[in-house]
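User: I should like to go through this structure and ask what stands behind each term used for it.

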Amino acid sequence: MIASKAKSLSGSVAVPGDKSISHRSVLLGGLASGTTRISGLLEGEDVLNSVAASRALGALARKDGDQWIVQGTGNGLLLEPEGEIDFGNSGTGCRLYMGLAGAYDFPVTFVGDASLSKRPMARIVDPLKLMGVQLVDSREGCRLPITLRGPRVAAPIEYRVPMPSAQVKSAVLLAGLNAPGITTVIEPVMTRDHSEKMLAGFGAVIEVETAADGTRTIRLEGQGRLTGCDIQVPSDPSSAAFPIVAALIVPDSDVTLPNVLMNPTRTGLITTLLEMGGRIEIANEHESGGEKIADLRVRSSELKGVTVPGERSASMIDEYPVLAVAAAFAEGETVMEDVGELRVKESDRLAAVAAGLKANGATCEEGKDWLKVTGIPGGKGLGGAGSGSIPPVATHLDHRIAMSFLVMGMAAEKPVKIDDASPIATSFPEFVPLMRELGAELEDGNV
Ligand code: S3P
């Protein structure tokens with residue numbers, strides 16, 4: 001796909017539902033007794049794979065009008081799946097269901113696409129082993145395909161999460177649902193807290209204590225009853241990030257995005273863009289289902305480079321690729337600290353971003369766990385990947401790399417071509433029509 005410089009972007013568009021909340025709605029709905037009704041579920045490939053996983057474990061799930069209706073098995077009552085479960089590109093789906101089903105006394109085989117099969121799974125399997133789960137089979141280096149089998153009775157553990165990861169925290173808590181007694185997760189750096197909030201919403205007995213230094217201790221009582229509930233999924237701030245950055249860097253733009261999730265564990269990008277001088281107005285702030293929601297109005301801005309502190313990285317971990325694109329249009333240097341986790345996402349995002357920026361004429365320096373981008377206000381000379389002798393941007397099966405570089409092409413002097421737009425469907429299937437509705441010039445590069 002090729003993105004060319006747009007005249008302006010304007011209008012109001014609804015970004016699809018939050019991916020993290022969507023996975024957890026389907027997973028917990030499929031586990032709880034009774035019915036869960038979900039409105040605004042993200043129907044991206046990643047979440048649809050979670051729907052299939054819940055079905056494989058005994059839940060019923062169907063769409064009724066705009067709602068998804070899920071009937072769960074009841075906690076402790078998942079069924080042994082008939083075949084392997086395929087999570088496609090989704091690290092979140094795979095790792096959360098490893099926690100959920102891994103502690104049951106039957107084998108479950110987890111498989112995924114080429115990207116997911118390269119990602120580290122020891123971070124999930126290690127704590128599960130402490131609970132008595134057996135790693136029956138895996139590829140070298142604890143990579144998919146992986147088969148787990150739980151013990152007759154799983155042991156509740158106390159586990160200190162070694163890296164900032166909501167997926168690891170969530171996997172241990174979900175496994176703890178099937179263990180007698182209290183499972184404790186200690187989280188030195190706060191990560192997205194959707195699992196804790198939603199477990200409480202489904203009736204789990206769970207408490208969170210935050211120490212003076214910010215360390216959080218989460219205690220969950222295992223083998224309790226979970227009951228279905230109604231969920232309204234707000235718009236995904238990690239998807240909103242693409243039209244937000246596009247509106248900031250395309251001249252004469254004025255874009256409104258209603259009902260975006262504003263949970264403070266997810267708003268690091270907005271904080272950073274405001275520091276860079278971005279004109280982002282946060283209006284109509286309110287609460288729904290225990291989450292903060294707001295409408296965002298974003299206008300073209302003259303951005304300035306900043307240093308993004310490492311402490312902020314967990315609250316914007318998925319947004320660095322598109323921040324790097326914003327930085328390529330900002331005056332001066334933008335430094336992103338302590339972002340080593342980006343190397344184990346859907347692709348090695350530090351390498352993919354650095355290569356893509358360089359292919360499009362931007363100045364970028366990459367360290368083991370940091371990235372530095374020097375911007376060109378107005379985007380003069382930027383772009384050009386996929387024309388002449390320059391190959392298109394390599395997206396490595398990574399939806400956020402694909403969308404970030406299409407955003408770059410919307411404001412760069414020369415068009416930007418990416419090698420594969422199909423991964424966008426994992427998290428934001430409406431991206432192309434929605435951006436076109438705002439005024440973006442996107443064309444299929446194969447036509
Ligand atoms: C997610 C957690 C994050 C994030 C991912 C979604 C979640 O991963 O990158 O897109 O829903 O729990 P880590 O737990 O690896 O940081």
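User: How many nonpolar, polar and charged residues does the shell around the ligand have, by class?

Analyst: This is a predicted model, in which local features need pLDDT of at least 70, side-chain atom pairs count only at pLDDT 80 or more, and totals for chains, interfaces and linings use all residues. Residues are numbered from 1 along each chain as its sequence is written, and side-chain values use heavy atoms, with hydrogens and water left out. The shell has 3 nonpolar, 4 polar and 4 charged residues. Ala, Val, Leu, Ile, Met, Phe, Trp, Tyr, Cys and Pro count as nonpolar, Asp, Glu, Lys and Arg as charged, and the others, Gly among them, as polar.

User: Which residues are around the ligand?

Analyst: A residue is near a molecule if one of its heavy atoms lies within 4 Å of it. The residues around the ligand are Ser-20, Arg-24, Thr-92, Pro-164, Ser-165, Ala-166, Gln-167, Arg-192, Ile-317, Asp-318 and Lys-345.

User: What makes the approach of Ser-20 to an oxygen atom of the ligand a polar contact?

Analyst: A polar contact is a pair of N or O atoms within 3.5 Å. A polar side-chain atom of Ser-20 lies 2.7 Å from a ligand oxygen, so the pair satisfies that limit. Ser-165 likewise places a polar side-chain atom 2.7 Å from an oxygen atom of the ligand, and for Lys-345 the distance from a side-chain N or O atom to a ligand oxygen is 2.7 Å. Taken alone, the ligand exposes 390 Å², of which the protein buries 95%; these areas come from the Shrake-Rupley method with a 1.4 Å probe.

User: Why is the ligand said to lie between domain 1 and domain 2?

Analyst: Both domain 1 (2-16 + 234-443) and domain 2 (19-232) give residues to the shell, so the ligand lies between them. The domain bounds come from an automatic or database domain assignment.

User: What is the omega of the cis peptide bond that joins Leu-144 and Pro-145?

Analyst: Omega is about -5° for that bond.

Key: Polar contact = N/O pair within 3.5 Å; in protein donor to acceptor, adjacent residues only side chain to side chain.
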